[in-house]
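Student: I'd like a close look at a single part of this protein. Could you pick one helix, walk me along it, and then show me what packs around it?

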Amino acid sequence: MSSWIDPAILALFIPTFFFVSVTPGMCMTLSMTLGMSLGVRRTLHMMWGELIGVGLVSVLSVIGVAAIMLNYPGIFAAFKYVGGAYLVWLGIQMWQAKGKMAIPADLSAGQQTSAMGLALQGFVTAIANPKGWAFMISLLPPFISADKPIAPQISALVALILVIEFSCLLLYASGGRTLRHFLAKSGNVTLMNRIAGTLMLGVGVWLAFG
């Protein structure tokens, strides 16, 4: 990898992206919410969908397709609103302790949310995040050197991005699971559902209007 990218650039890129990735945002909040309601293992399904979305945003930002999307804001806005409305609906259901995403009164009972549904949720959240596009457009190009082959550089940077993003998603999901266990000691499942539902509502509104 060092033959493709200057080690000095890597030394700057890794802490920069880690700081941005670990900062609370839509995807991290979603990971924490699902970690609390579904557990880390089930949240992994959302993570791989989110990582596909992040990887796609990264590559398209570098090759300039993002600029085309920004020239057609109507389509992009519709995608945002639909995704945001879906997350708001899930949040309301969780707040009311209804639906497959809600934490059951019997914590040993497994939720039946489909793996593909969770993956799609993560993908849409990553793709429809305008701040994610803006960040990738501004961050990635300065780290690409015109003196070296472009494809290997993009591949190396995207691989690093996905590893860092996955680590941060796991960190947040584990935090949600810890909060779940803490609240479970008092048997307050209603409070858990309302916290998770409020977070999900916040992610949905953030996605649609952020």
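Tutor: Happy to! Let's take helix 3, which has a kink of about 25 degrees centred on Met46. Please keep in mind that this is a predicted model. Next, consider the length of this helix. Helix 3 has 24 residues, which should span 34 Å at 1.5 Å a residue, and its end C-alpha atoms are indeed 34 Å apart, so the two values agree.

Now for a neighbour from another helix. Val158 sits in helix 8, and it touches Gly55, Ser58 and Val59, leaving aside residues up to four places away in sequence. Take the first of these contacts: Val158 and Gly55 are 103 residues apart in sequence, yet their C-alpha atoms are 6.2 Å apart in space. Val158 counts as buried because its relative accessibility is 11%, under the 20% cut-off.

From here we can step back to the largest nonpolar core, which has 44 residues. Helix 3 (40–63) is among the elements that give two or more residues to this core, as are helix 1 (7–22), helix 2 (26–37) and helix 8 (150–184). Helix 8 gives the most, with 11 residues. The members that touch the most other members are Phe13, Phe17, Leu34, Met136, Leu157, Ile161 and Met200. Phe13 is a good one to display: with residues up to four places away in sequence not counted, Phe13 touches Leu139, Leu140, Phe143, Leu157, Leu160 and Ile161. As general background, nonpolar side chains tend to be buried together in soluble globular proteins.

How values were computed:
Residues numbered from 1 in each chain as written. Predicted model: local features only at pLDDT ≥ 70, side-chain atom pairs only at ≥ 80, totals over all residues. Heavy atoms only, no water. Core = buried A, V, L, I, M, F, W, Y, C linked by side-chain atoms within 4.5 Å. Buried < 20%, exposed > 50% of the residue type's maximum accessible area, 1.4 Å probe, protein only. Helix = DSSP H or I, 4+ residues; strand = E, 2+ residues; numbered from the N terminus. Contact = heavy atoms within 4.5 Å. Expected span 1.5 Å × (residues − 1). Bend = angle between axes of the 7 residues up to and from the residue.
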